[in-house]
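Subject: Structure handover

Hello,

Here is the structure I promised to pass on. My notes follow below it.

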Amino acid sequence: MGEAKPENWIRCDETGKEMLSRVLSGRPFIIPAPPLHRLPLRLGNVVEISGPSNSAKSQVLVQAVVHFILPKEWAGIQFGGMESKVVFFDLDCRFDVLRLSQILTHRISETCGSIKQIAFDELFHDCMSCFLYVRCYSSSDFLSSLKELSYQIQRKDETIGTGLRLLLIDSVGSFHWIDRSNQLRGLCKGKNISPQSLQEAIVHELHELLLLQPLLVLATKASLFRTETPNEYQRSSISNSTGDRNLLFREYMPAVWQSFVTHRIQLHPSDELLSDGSEPIRSYTSDWLQPSVSIKDRFIVRDVSAILHFKINKQICKY
């Protein structure tokens with residue numbers, strides 16, 4: 001089967017206005033669910049969501065999944081979803097499908113109110129059938145899965161079908177230290193399977209995949225914070241919610257991945273606890289680093305109802 005050729009970015013027989021109209025129609029702007037809603041994103045963008053392990057990164061991915069698999073409208077009821085298929089690459093092997101089920105159930109019940117169980121089951125099944133889950137146990141496994149996804153898209157596999165618009169990676173740096181350890185222990189034989197070549201191959205495969213099928217890519221990455229760091233390891237710094245000190249973090253992903261990313265957002269737990277009248281609740285802060293946005297959003301995660309509440313401009317906004 002011949003490879004699909006990407007469409008030319010600029011054609012020789014069109015004006016600049018015609019080119020922009022064609023490109024924007026093929027890769028329209030998308031307003032994702034909070035806290036990714038501050039910037040309009042397009043198919044083809046790669047968003048890195050970084051933060052420590054307790055910063056609700058995976059929860060944000062689950063919210064994005066629900067937003068994309070829900071329909072725009074169903075039986076006359078407006079859901080505002082993207083009606084799209086989603087591929088979730090779980091590199092941490094900690095994804096909780098029950099959590100996704102709880103959030104999706106809550107969104108359907110909250111929007112529809114009381115509906116017949118048959119109708120609810122039909123909508124729930126249609127949404128979950130748009131969610132494709134892939135668990136990977138190594139960098140080579142991840143690379144093979146990406147190649148298989150590209151192959152399925154090219155042959156228009158029924159599992160993928162049409163309408164795939166979101167690709168999620170949780171967490172993109174999971175195998176970084178394992179690959180480096182294997183290299184130091186002499187377990188990597190030959191240049192073709194070195195950690196650097198593996199990362200280059202993964203980014204190359206992702207790039208080819210985006211040319212074949214325009215997708216929005218959301219990738220979480222664990223941040224390594226240090227209060228004191230040698231100059232050669234200091235890449236950037238952020239302030240915590242109280243502004244008392246700067247937290248320095250080291251960029252450990254290779255340059256090929258850093259140049260591939262188009263947007264970066266930093267999540268971190270806030271020192272401020274919010275209260276709903278019963279008990280204090282941990283809040284989180286989101287801060288856009290690339291491009292830089294002056295507004296910082298605060299949100300909390302409720303485990304009982306499996307929803308996010310966002311405090312934006314001193315207001316609590318429920319999503």
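The structure holds 8 salt bridges. Bear in mind that this is a predicted model.

Start with Asp297 and Arg38. They form a salt bridge, and their closest N and O atoms are 2.9 Å apart. The pair connects distant parts of the chain, with the two positions 259 residues apart. Asp297 sits in strand β15, residues 297-302. Arg38 sits in the loop between β1 (29-30) and β2 (41-42). Asp297 counts as buried because its relative accessibility is 1%. Arg38 is partly exposed, at a relative accessible area of 25%.

Next, Lys147 and Glu205. Their side chains meet in a salt bridge at 3.2 Å, N to O. Lys147 belongs to helix α5 and Glu205 to helix α7 (residues 195-212), so this pair ties together parts that are 58 residues apart in sequence. Lys147 is partly exposed, with 43% relative accessibility. Glu205 is buried, with a relative accessible area of 10%. There is also a network: salt bridges with shared partners join Glu48, Lys221, Glu251 and Arg264.

Asp92 and Arg94 make another salt bridge, 3.3 Å from N to O. Asp92 is partly exposed, at 29% relative accessible area. Arg94 is exposed, at 66%. As background, side chains of opposite charge can pair when their charged atoms come close.

Now the cysteines. How many disulfides does the structure hold? The count is 0. Cys93 is in no disulfide, and the nearest cysteine sulfur, that of Cys136, is 7.9 Å away. A disulfide needs sulfur atoms within 2.5 Å. Cys93 is partly exposed, with a relative accessible area of 27%. Cys112 is in no disulfide either, and its nearest cysteine sulfur belongs to Cys127, 9.5 Å away. Cys112 counts as buried, at 14% relative accessibility.

On to the interior. The largest nonpolar core has 45 residues. Which of them touch the most other members? They are Ile49, Leu168 and Leu218. Helix α2 (residues 57-69) gives this core its largest share, 8 residues. A second, separate core has 31 residues, among them Ile160, Val172, Leu198 and Leu206. In soluble globular proteins, nonpolar side chains tend to be buried together.

Leu168 is worth a look in your viewer. Leaving aside neighbours within four places in sequence, Leu168 is in contact with Leu61, Ala64, Val65, Val86, Val87, Phe88, Phe89 and Leu218. One of these contacts, Val65, also gives a distance to helix α3. Ile103 is placed in helix α3, residues 97-112. The C-alpha atoms of Ile103 and Val65 are separated by 10.0 Å, with the two residues 38 apart along the chain. Ile103 counts as buried, at 1% relative accessibility.

Back to helix α5, the one that carries Lys147. Helix α5 runs over residues 139-154, which is 16 residues. From first C-alpha to last, α5 reaches 23 Å. That is close to the 22 Å expected at 1.5 Å a residue. Which residues of α5 are buried? They are Ser139, Phe142, Leu143, Ser145, Leu146, Leu149, Ser150, Gln152 and Ile153. Lys156 follows α5 and has a positive phi, near 55°.

Finally, the totals for the chain:

- The chain has 8 helices and 17 strands.
- Of its 319 residues, 49% are buried.
- Among contacts between residues at least 6 apart in sequence, 65% join residues at least 24 apart.
- The accessible surface comes to about 16600 Å², and 51% of that belongs to carbon and sulfur atoms.

If you open the file with one residue in mind, try Asp297. Asp297 is buried, and its salt-bridge partner, Arg38, is partly exposed. For the interior, try Leu168, with its contacts to Phe88, Phe89 and others.

Best wishes

Technical notes
Residues are numbered from 1 along each chain as its sequence is written. This is a predicted model: local features need pLDDT of at least 70, side-chain atom pairs count only at pLDDT 80 or more; totals for chains, interfaces and linings use all residues. Side-chain values use heavy atoms; hydrogens and water are left out. A nonpolar core is a set of buried Ala, Val, Leu, Ile, Met, Phe, Trp, Tyr and Cys residues joined through side-chain atoms within 4.5 Å. Buried means under 20% relative accessible area, exposed over 50%, partly exposed in between (1.4 Å probe, protein chains only). Helices (H or I, at least four residues) and strands (E, at least two) are DSSP runs, numbered from the N terminus. Contact means heavy atoms within 4.5 Å. The expected span of a helix is 1.5 Å times one less than its number of residues. A salt bridge is a side-chain nitrogen of Lys or Arg within 4 Å of a carboxyl oxygen of Asp or Glu. Accessible areas come from the Shrake-Rupley method with a 1.4 Å probe; for residues, only the protein chains shown count as cover.
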